[in-house]
Amino acid sequence: MNGRTVLERFPAGGPRGSWPAEEFAHARRLEGLPAEVVMDLATDMFLVIVRSGDSAADATA
């Protein structure tokens, strides 16, 4: 297990000037989840994740 929960996936080739993964992660942080954006190079996707060691991660599992 990699110690993270993937909340959402976004294609890397989004419209210019648009950051949907960052916007989604920001909205989750406003809800109290320690969401962050990482890049999955194998699939060319941005993933919004919560690491398992974080206290709010249990709420998403």
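Helices, for the purposes of this passage, are DSSP runs of H or I with at least four residues, numbered from the N terminus. With that settled, here is a walk through the structure, which is a predicted model. Right after helix α1 comes Gly32, and its phi is positive, near 105 degrees.

Stepping back to the whole protein chain, the secondary structure adds up to two helices and three strands. Read from the N terminus, these elements come in the order β-α-β-β-α. The protein chain has 61 residues, and 23% of them count as buried. About 4,200 Å² of the protein chain is exposed, with carbon and sulfur atoms supplying 53% of that area. As for how the chain meets itself, take the contacts with a separation of 6 or more: residues 24 or more positions apart account for 51% of them.

Next, the strands. Strands of a sheet pair through backbone hydrogen bonds, and the pairing is either parallel or antiparallel. Here the three strands make an open sheet in the order β1-β3-β2, and the pairing is antiparallel. That leaves β1 and β2 as the edge strands, each pairing on one side only. From one strand to the next, the twist averages 35 degrees.

The two pairings can be followed residue by residue. β1 and β3 are joined over seven bridges in the antiparallel sense. Along this pairing, Thr5 has Val50 in β3 as its bridge partner, while Arg9 stands opposite Leu47 in β3. On the other side, β2 and β3 are also antiparallel, over five bridges, and Met39 is partnered with Phe46 in β3. β2 and β3 form a hairpin, with four residues between the two strands. In the turn of this hairpin sits Asp44, which has a positive phi of about 55 degrees.

Now for the helix that goes with this sheet. α1 lies across β1, β2 and β3, and runs at about 145 degrees to β1. Spanning residues 20–30, α1 has three buried residues: Ala21, Ala25 and Arg28. Seen down the axis of α1, these buried residues fall within an arc of 60 degrees, so they line one face of the helix. The spacing makes sense in general terms: an α-helix has 3.6 residues a turn, so residues three or four places apart point the same way. Covering the buried residues of α1 are, among others, β1 (4–11), β2 (36–40) and β3 (45–51). Glu23 and Leu30 are exposed, and they sit on the face of α1 turned away from its buried side.

An arginine on the buried list may catch the eye. Arg28 has a relative accessibility of 16%, so it counts as buried, the cut-off being under 20%. Leaving out residues up to four places away in sequence, Arg28 touches Leu7, Leu33 and Ala35.

Finally, the inside of the protein chain. The largest nonpolar core has five residues, namely Phe10, Ala21, Ala25, Ala35 and Val48. Ala21 and Ala25 belong to the buried residues of α1, and they also belong to this core. Ala35, another member of the core, makes contacts with Leu7, Ala25, Arg28, Arg29, Val48, Ile49 and Val50, again not counting residues up to four places away in sequence. Ala25 and Val48 appear in that list of contacts, and both are core members too.

How values were computed. Residues are numbered from 1 along each chain as its sequence is written. This is a predicted model: local features need pLDDT of at least 70, side-chain atom pairs count only at pLDDT 80 or more; totals for chains, interfaces and linings use all residues. Side-chain values use heavy atoms; hydrogens and water are left out. Buried means under 20% relative accessible area, exposed over 50%, partly exposed in between (1.4 Å probe, protein chains only). The arc is that of the directions from the helix axis to the C-beta atoms. Contact means heavy atoms within 4.5 Å. A nonpolar core is a set of buried Ala, Val, Leu, Ile, Met, Phe, Trp, Tyr and Cys residues joined through side-chain atoms within 4.5 Å. Two strands pair if DSSP finds at least two bridges between them. Accessible areas come from the Shrake-Rupley method with a 1.4 Å probe; for residues, only the protein chains shown count as cover. Axes are lines fitted to C-alpha atoms, for helices over the stretch in contact, and angles run from 0 to 180 degrees between N-to-C directions.
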